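Q: Hi, could you walk me through this one? I would like to start with what touches what.

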Amino acid sequence: MDRAPGLSVRLKLTLSYAGFLMLAGGLLLAAVWLFLLRYVPERAMLINPDDKPTNGVFPVRSVLLDVFAPRAAAVLAFLLVFGLLGGWILAGRMLAPLTRLTDATRLAANGSLSHRIRLPGRKDEFRELADAFDTMLARLEAHVAEQRRFAANASHELRTPLAISKALLDVARTDPNHDTGELIDRLQAVNTRAIALTEALLLVSRAEQRSFTRERVDLSLMAEEATETLLPLAEKHGVTIETSGDIATTTGSQALLLQLTMNLVHNAIVHNLPEQGTVWVNTAVRPKTVVLTVENTGEELTPQLLSTLTEPFQRGTERTHTDHAGVGLGLAIVKTITHAHDGTLTLTPRPAGGLRITVELPVTDEATVSQLPCSTAG
């Protein structure tokens, strides 16, 4: 933004300090005049030498004014110079942290997010601002790094089905006698995977932008619907699903929260024991939050692996491409949807193997339920 040039803050503070000092000096001289000089007689008075040791002629007001006025002017001039010089130095010392904040802001605007102010000293307003700015830079740097990793992984994942499609088309063009039905089936599978990946990317973007209508949502109903929908998949993998809990009402997008629940249950089914696995789905209500917990049996998870499970395109122990591997955005979508609903996502390894995932969302305020729109987010 282009602005007209003006006085610097340091100069304004300097003028303010000097002005206040001059005002204080003027008030002091005025007090001397009001409470001292005004009681001095205008005509000479003789004092009896026998009464007091201070004999002689008492000074009159005009004489004192002739002596006092030049000294007062000199004092005011000294106060002006002292106020300007001292104010300039004092303002510079006071604004030094602000200069560091400005320099850091310029560096951040030029793309250098790794710079930190780290302002020393005890806590005050400037240091609180500097610490808040450092925290903002750290979060922004982490967010940008995560977005870059996400873009790189998305490009890689999208390139794979496109490369496979190109290879299949080249085979069909160069070998007319090749089985056309097999090529079509493989192309359909690759195309289905590319569409699923694109839709998942769009879902992540939509959740991050929070472009959805908020309404009243019961997580227990979401858990029941997800369980019923994925029951055939669970039977195919020999997994038992147990659902329990209370009515847990929050506010948000019904479509996104259903997708969150579906992803959690699907992830718990496909990453389970080879046989006789179990998935537990539970909902609960706490004083300020509602909780959705999805727990499953499975292999023991290390802390290093646990910290990467919510990263995009991370599938269990490795980046695999199986019939149930999905597109690698299951828990990443869960994390994004949870944060979009002002909730928290917690992953905890089970001592006997497997994973416990807990989603906490704000509980519905009954006073605002009537104000929520009733339309379902599209």
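A: Happy to, and one term comes first: a contact here means heavy atoms within 4.5 Å. Please also keep in mind that this is a predicted model.

Q: OK, so what is Gly 252 in contact with, leaving aside its neighbours within four places in sequence?
A: With those neighbours set aside, Gly 252 is in contact with Thr 213, Arg 214, Glu 215, Val 217 and His 341. Gly 252 itself belongs to strand β5, which covers residues 249-252.

Q: And is Gly 252 buried or exposed?
A: Gly 252 has a relative accessible area of 0%, and because buried means under 20%, Gly 252 counts as buried.

Q: How far is Gly 252 from Asp 342 in space?
A: From C-alpha to C-alpha they are 9.7 Å apart, although 90 residues separate Gly 252 and Asp 342 in sequence.

Q: Switching to charges, what is the nearest side chain of opposite charge to Asp 218?
A: That is Arg 216, at 7.8 Å, and Asp 218 has no salt bridge even though it is buried. Asp 218 sits in strand β3, residues 215-218, and, not counting residues up to four places away in sequence, it touches Ile 247, Ala 248 and Thr 249.

Q: What about the largest nonpolar core, which residues touch the most other members?
A: That core has 45 residues, and the ones touching the most other members are Leu 264, Ile 269, Val 279, Val 281, Leu 292, Leu 347 and Val 359. Helix α6, residues 254-270, supplies the largest share of this core, with 10 residues. Apart from it lies another core of eight residues, including Leu 101, Leu 113, Ile 117 and Phe 133.

Q: How many aromatic pairs does a search of the whole structure find?
A: The search finds one, and it is formed by Phe 78 and Phe 82, whose rings are stacked at 5.9 Å centre to centre with 20° between the planes. Both residues lie in helix α2, residues 61-109, where they are four residues apart, about one turn of the helix.

Q: Is Phe 78 buried or exposed, then?
A: Phe 78 has 55% relative accessibility, and because exposed means over 50%, Phe 78 counts as exposed.

Q: Last thing, where does pLDDT stay under 50?
A: One such stretch is residues 317-325, for which the model has 15 contacts beyond four places in sequence. Over residues 367-378 the pLDDT is also below 50, and that stretch has 21 contacts beyond near neighbours in sequence. Where pLDDT is low, the predicted coordinates should not be read in detail. For the chain, the mean pLDDT is 79, with 82% of its residues reaching 70 or more.

Technical notes:
Residues are numbered from 1 along each chain as its sequence is written. This is a predicted model: local features need pLDDT of at least 70, side-chain atom pairs count only at pLDDT 80 or more; totals for chains, interfaces and linings use all residues. Side-chain values use heavy atoms; hydrogens and water are left out. A nonpolar core is a set of buried Ala, Val, Leu, Ile, Met, Phe, Trp, Tyr and Cys residues joined through side-chain atoms within 4.5 Å. Buried means under 20% relative accessible area, exposed over 50%, partly exposed in between (1.4 Å probe, protein chains only). Helices (H or I, at least four residues) and strands (E, at least two) are DSSP runs, numbered from the N terminus. Rings of Phe, Tyr and Trp (its six-membered ring) pair if their centres lie within 6.5 Å; planes under 30 degrees apart count as stacked, over 60 as edge-to-face and the rest as tilted. Lys and Arg count as positive and Asp and Glu as negative; His and the chain ends are not counted. A salt bridge is a side-chain nitrogen of Lys or Arg within 4 Å of a carboxyl oxygen of Asp or Glu. pLDDT is the predictor's confidence in each residue, from 0 to 100.
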